[in-house]
Amino acid sequence: MVVDGWLDRLAARRPHVLLAITPGATAARLATEDALVDVGAVVTASPADADVLVVVGYPGEEMADAIGDVWRQLPGPRVRTQVVDPAAAGAAIRAAVAGLSGGGQRAEALRRHDEWRTGADHRNDGDPDESPGHRGHAEHGGHGESMPMPGGLMMAERADDRDGLKLDVLEVTLGPVLADWPAGLVVTAAVQGDVVRKVDARVVGAESTAVPSFWDGADGRRRAAAHLDSLARLLAVVGWPAMAQRVRVVRDAALGAGPVSDVRSRLAVVDRRLRRSRTLRWATDGLGVLTPQMARRLDVTGPAARAADDGGDVTARWRCWLTDADAVLAGRDPGPAVGPRGRGRGDRTASAALLDAACRLMVGLDLAAARIVLASFDPDPDEIAVAVPRRVED
Amino acid sequence: MSYPVWTVPVAAVVLMSFTATAAVLDAVLDSARRGGGWRERVGRPVWEAARLLRQRRRTTVAPDALLWRLGTSGPLVVALLMAVVIPLGGRAVTDPVVGVVWFNAFDVALWLLWWCAGWGANSVYGLVGGYRFVAQALAYELPLMFALTAPAVAAGSLRLSEVVAAQDRVWFVVWAPVAFLVFLLAVTGFSVWGPLSYPAGWDVAAGVLAEPSGVDRLLLLTGRYALLAAGAGMATALFLGGGAGPLLPGWLWSGLKILAVLAVLVAMRRRLPILRADRVMKRAWLVLLPLTLVQLLVVSVLTYGGS
């Protein structure tokens, strides 16, 4: 018991947190990220590594199901909490971390009946409808004549691949709970090896999606922060967490009340570092090229459209974010826009067009490249109020 | 020269001290925590370890349990096996005739082990991570082998004590700087660290690290730091003259050099973005590999040209 209490205290000093972010909760997310730093918590990428699951915003029914699946994969000791009001984020996080130690955890552990536990003992008892995919929603049904396999999983089907071979096709669901991923976005990808052959994207709605996007409006600092938020996500996906963190600090400064000149000088440091990085260019050059014609055809506006005139690859897009962020901070308007992602055309929001473009360009790439391409468009799910399914085939 | 058998646990303790140092260094270099003082950071490996000791050991649905356990515990075992041939102050636990090959053989074993760590969990992200390691290993392994050959050729021996002894006048890092740099890069490669942590990429929810939890995860993460430590030890023996140095005793010189190399390896993590295998493969084969071959030629001419 003494040892237990001692371990509890040590372990609670660095809790690992998994964020489940719903669309429309950007303000709550930013407050949560801030609160996590205050308690010394670290954001993690997988449920196996998480102690705390933080649901940000009100999830809709489908999202709530996915969050439930993810929750069942936390090893424990585990705590689940919800942040809706940005002002209450700090208190919620502190309470969650406090809940990690103490007798409650023992009681909860005894009550748990997880599928992964029974799966190991009775391999054939798994119910196919309940098979947890890694991120919750693995839709294993609807595979035609697939044969049930141990653990209730299905066997992969085969199809011709790009080199004329016959390879297994695996349906992988990315999101809605995934680190540095647009809130509530679900991408169902058919992959062969790790090459994406087909993409199907939709946004799993929050409880109510009527609120305007957090990033919209005429405030230049907020628009700059939107670009930096996108950039930080891209850098995290590219695999440069230290740099992503630095960009987030500049983003928070842009959202704060400090002098603009200070934000601009910090941005200039990051800007120089990124543009000089040859290895970053190795990762992003020539990837996901959006031509000006394609941009017009797909109604892409905003920075992504401007980047299309400048090469149109992922590198051009992150450079455009940097340029635009500095321009709006300086009081210049880089182009007509309603929000930071453009103005859209007709009923179609700017983000809907971005998601469409990203999905088209993801096909034929491997998973890593496909995620980078998506992150370089960074559609804002807050803008995509209605879930519009779109399907792109190779 | 070798120590008696009872020094095996001593070598393990030494390796684990360097491993812990690597973990502390990583925490100290982390810029993410604002306002965190030194004590906040230095203690971090302790809290992380406590956390994982307390965490339940989760499995997945229908895992390949045997291969998974092999994969999660393997890297630490490999690091320990590498450590027995690494000389500290001129002496190692054992000094086989083929010391360099011993090291190389175990770094190749990591191909299987990291792949198993990814495959065993029966999860998409782990699987992708495991195969990413194989792709990455295809890029770094041949340059690594030629980088290992350079000091062996220069010394005319595969025995590590003789390689160290051959550096009494000039350290091999002077003759073979390219081999030294390639070796360091390859160490981060087989440790899945920093710019070569593509198999544990954030974009696939940490890949090979996506599913292990509790004590499995603790073993795997410890193994990763231990591999870095073993790599730093080997770099010191092969390129930095082992325990050679003025005034201080040999074991202290070895220790200091290993710490310096380890610090460089750990710091690499924050300097560069991940080098994706699909993007660097071409550079590895068309630039790095010829460079190491030229390096080998230069070393051979310098060594045997005069005689």
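Here is a short conversation about this predicted two-chain model.

Visitor: How far apart are the end C-alpha atoms of helix α9 of chain B?
Guide: Happy to work it through! The helix covers residues 177-190, and at 1.5 Å a residue its 14 residues should span 20 Å. The model agrees with that expectation, as the end C-alpha atoms are apart by 20 Å.

Visitor: How many residues of α9(B) are buried?
Guide: Buried here means under 20% relative accessible area. The buried residues include B:F180, B:F183, B:L184 and B:F190. The helix is largely enclosed by the rest of the structure, because of its 14 residues the number buried is 10.

Visitor: Which helix gives the most to the largest nonpolar core?
Guide: Good one to look for on screen. That core has 81 residues, and A:W318 is among those with the most contacts inside it. A:W318 touches A:L231, A:L234 and A:L274, among others. With 11 residues, the top contributor is helix α7 (residues 220-238) of chain A.

Visitor: What area is buried between chain B and chain A?
Guide: The contact takes 50 residues from chain B and 68 residues from chain A. Carbon and sulfur atoms give 56% of the buried area. The total is about 5,200 Å².

Visitor: Which residue of chain A forms a salt bridge with B:R51?
Guide: The rule finds five salt bridges across this interface. In the one with B:R51, the closest N and O atoms are 2.7 Å apart, within the 4 Å cut-off. The partner is A:D51.

Terms used
Residues numbered from 1 in each chain as written. Chains lettered and ligands numbered in written order. Predicted model: local features only at pLDDT ≥ 70, side-chain atom pairs only at ≥ 80, totals over all residues. Heavy atoms only, no water. Helix = DSSP H or I, 4+ residues; strand = E, 2+ residues; numbered from the N terminus. Expected span 1.5 Å × (residues − 1). Buried < 20%, exposed > 50% of the residue type's maximum accessible area, 1.4 Å probe, protein only. Core = buried A, V, L, I, M, F, W, Y, C linked by side-chain atoms within 4.5 Å. Contact = heavy atoms within 4.5 Å. Buried area = accessible area lost by both parts, 1.4 Å probe. Salt bridge = Lys/Arg side-chain N within 4 Å of Asp/Glu carboxyl O. Lists of a residue's contacts leave out its neighbours within four places in sequence.
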